[in-house]
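These are my notebook entries on a structure I went through entry by entry. I set down what I looked up and what I found.

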There are 2 protein chains.
Amino acid sequence: MATRAPARAGPERRIDALATLRASGADVWVATASPAGVAHLIPLSYAWDGARVVLAMPPDSVTARNITSSGRARLGFGPTRDVVVVDGQLDGTLDADATAADSVAQLYADQADWDPRQETVDYVFVLLRPERILAWRESNELPGKLLMRDGEWIV
Amino acid sequence: MATRAPARAGPERRIDALATLRASGADVWVATASPAGVAHLIPLSYAWDGARVVLAMPPDSVTARNITSSGRARLGFGPTRDVVVVDGQLDGTLDADATAADSVAQLYADQADWDPRQETVDYVFVLLRPERILAWRESNELPGKLLMRDGEWIV
């Protein structure tokens with residue numbers, strides 16, 4: 001927890017957070033909870049369509065069931081000393097093989113470097129809209145970590 | 001999701017997983033859930049006492065309250081393409097400043113390179129005993145990812 005660099009100002013954190021969301025080929029830690037209050041956590045590939053984080057998963061997976069029932073997920077991006085945390089609200093699901101999913105599927109395949117439409121098992125795309133975004137590196141950046149609240153950037 | 005290396009056998013994964021748990025100075029993603037089923041996720045420093053993951057946090061934090069009420073947390077270690085996931089059961093908490101915490105506090109300070117006893121706010125150590133451990137790198141390692149079940153190594 002030793003501090004290694006000066007704290008970034010809000011606008012710089014926002015630029016860095018958006019760069020993380022747009023990163024191609026990376027994974028994100030996806031935390032969800034069951035209605036009974038059991039936490040689940042897995043890393044998944046992701047994409048960013050400019051307003052929503054796009055995930056892909058089998059519709060019968062624990063994560064898909066938890067997101068569908070709770071309407072939300074909490075996402076952890078980046079190495080743990082340069083994190084972006086997103087509270088995301090479910091903004092829709094799309095069957096990967098449906099025509100309506102074509103543009104999302106292409107975006108996802110381009111950014112995640114993996115195409116769920118090629119898999120033999122079923123996948124759904126899950127679209128999550130950020131409600132809150134937090135970003136910090138070391139402990140000196142904990143003040144000012146809140147970048148978005150109620151879906152609105154505040155930096 | 002392209003596969004880059006041959007899949008490791010179980011014993012090799014167990015050795016690698018233990019090395020990850022023992023890693024000094026690294027952080028872990030800690031996923032918890034509230035009784036109402038809201039997921040929380042934050043990165044925290046950690047230590048390993050040979051049988052339990054040791055975390056430190058303020059007793060009134062969301063993570064502390066969720067772990068105390070649910071008796072569990074799910075932990076994600078490592079970069080997302082070389083992960084160790086642990087379902088941990090609460091095995092006790094210790095006030096960081098209590099004499100009873102001395103050995104845990106020293107272990108934690110040595111491994112996490114940070115001493116909660118030096119902080120002005122209160123901290124508790126949270127001890128989590130692994131019930132399940134999973135480890136995988138790329139998608140070719142998803143088969144065989146289960147290393148521990150019901151607290152027993154199966155590889």
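Which backbone nitrogen does the side chain of Asp115(A) reach? I looked this up in the model, which is a predicted one. The side chain of Asp115(A) reaches the backbone nitrogen of Arg117(A), at 2.9 Å.

**Entry: the loop after H3 of chain A**

I placed Asp115(A) in the loop between helix H3 (102-112) and strand E6 (124-136) of chain A. Its relative accessibility is 15%, so I entered Asp115(A) as buried, the cut-off being under 20%. I then turned to Asp113(A), which follows H3(A) and is found in the loop between H3 and E6 of chain A. Asp113(A) has a positive phi of about 60° although it is not a glycine. Asp113(A) is exposed, with a relative accessible area of 53%.

For the helix itself I listed the buried residues of H3(A): Val104(A), Ala105(A), Tyr108(A), Ala109(A), Gln111(A) and Ala112(A). I also noted what covers them, which includes helix H1 (10-22), strand E2 (39-48), strand E3 (53-57), strand E5 (83-95) and E6 of chain A.

**Entry: two loops of chain B**

In chain B I looked up Trp114(B), whose place is in the loop between helix H3 (102-112) and strand E7 (124-136). At 11% relative accessibility, Trp114(B) counts as buried. The side chain of Trp114(B) makes a polar contact with the side chain of Glu119(B), at 2.9 Å. I also recorded the separation of Trp114(B) from Leu127(B): 13 residues in sequence and 17 Å in space, C-alpha to C-alpha.

Asp150(B) lies in the loop between strand E8 (146-149) and strand E9 (152-153) of chain B. Asp150(B) has a positive phi of about 50° although it is not a glycine, and with 69% relative accessibility Asp150(B) counts as exposed.

**Entry: how the two chains are related**

By what operation can chain B be laid on chain A? I found a turn of 180° and a shift of 0.0 Å along the axis, with an RMSD of 0.0 Å. The two copies are thus related as by a two-fold rotation axis. Gly37(B) is the residue of chain B that comes closest to this axis, with its C-alpha at 2.1 Å. The same surface serves both copies, in that 100% of the contact residues of chain B recur in chain A.

I looked up Ser34(A) as well, which is found in the loop between strand E1 (27-33) and E2 of chain A. Ser34(A) touches Asn66(A) and Gly37(B), residues up to four places away in sequence not being counted. At 15% relative accessibility, Ser34(A) counts as buried.

**Entry: the interface**

How many residues of chain B are in contact with chain A? I noted 32 residues of chain B in contact with 32 residues of chain A. The two chains bury about 2600 Å² between them, 63% of it on carbon and sulfur atoms. Across this interface I found 2 salt bridges. One of them joins Asp27(B) to Arg81(A), with the closest N and O atoms 2.6 Å apart. I also noted 4 residue pairs in polar contact across the interface. On the side of chain B that touches chain A, strand E1 (27-33), strand E2 (39-45), strand E5 (72-77) and strand E6 (83-95) each supply at least two residues. E2(B) gives the most, with 6 residues. The residues of this side divide into 18 nonpolar, 10 polar and 4 charged.

**Entry: salt bridges within the chains**

Over all chains I recorded 26 salt bridges. In chain A, Asp82(A) forms one with Arg137(A), with the closest N and O atoms 3.2 Å apart. This pair links distant parts of the chain, 55 residues apart. Asp82(A) is partly exposed, with a relative accessible area of 28%, and Arg137(A) is partly exposed at 31%.

In chain B, the side chains of Glu141(B) and Arg8(B) meet in a salt bridge at 2.8 Å, N to O. Glu141(B) lies in the loop between E7 and E8 and Arg8(B) in the segment before helix H1 (10-22), so the pair ties together parts 133 residues apart in sequence. I entered Glu141(B) as buried, at 2% relative accessibility, and Arg8(B) as buried, at 6%.

Notes
Residues are numbered from 1 along each chain as its sequence is written. Chains are lettered from A and ligands numbered from 1 in the order in which they are written. This is a predicted model: local features need pLDDT of at least 70, side-chain atom pairs count only at pLDDT 80 or more; totals for chains, interfaces and linings use all residues. Side-chain values use heavy atoms; hydrogens and water are left out. Copies are superposed by least squares on the C-alpha atoms of residues with pLDDT of at least 70 in both. Contact means heavy atoms within 4.5 Å. Buried area is the accessible area (1.4 Å probe) that two parts lose on being put together, summed over both. A salt bridge is a side-chain nitrogen of Lys or Arg within 4 Å of a carboxyl oxygen of Asp or Glu. A polar contact is a pair of N or O atoms within 3.5 Å; within protein, one must be able to donate a hydrogen and the other to accept it, and residues adjacent in sequence count only if both atoms are side-chain atoms. Helices (H or I, at least four residues) and strands (E, at least two) are DSSP runs, numbered from the N terminus. Ala, Val, Leu, Ile, Met, Phe, Trp, Tyr, Cys and Pro count as nonpolar, Asp, Glu, Lys and Arg as charged, and the others, Gly among them, as polar. Buried means under 20% relative accessible area, exposed over 50%, partly exposed in between (1.4 Å probe, protein chains only).
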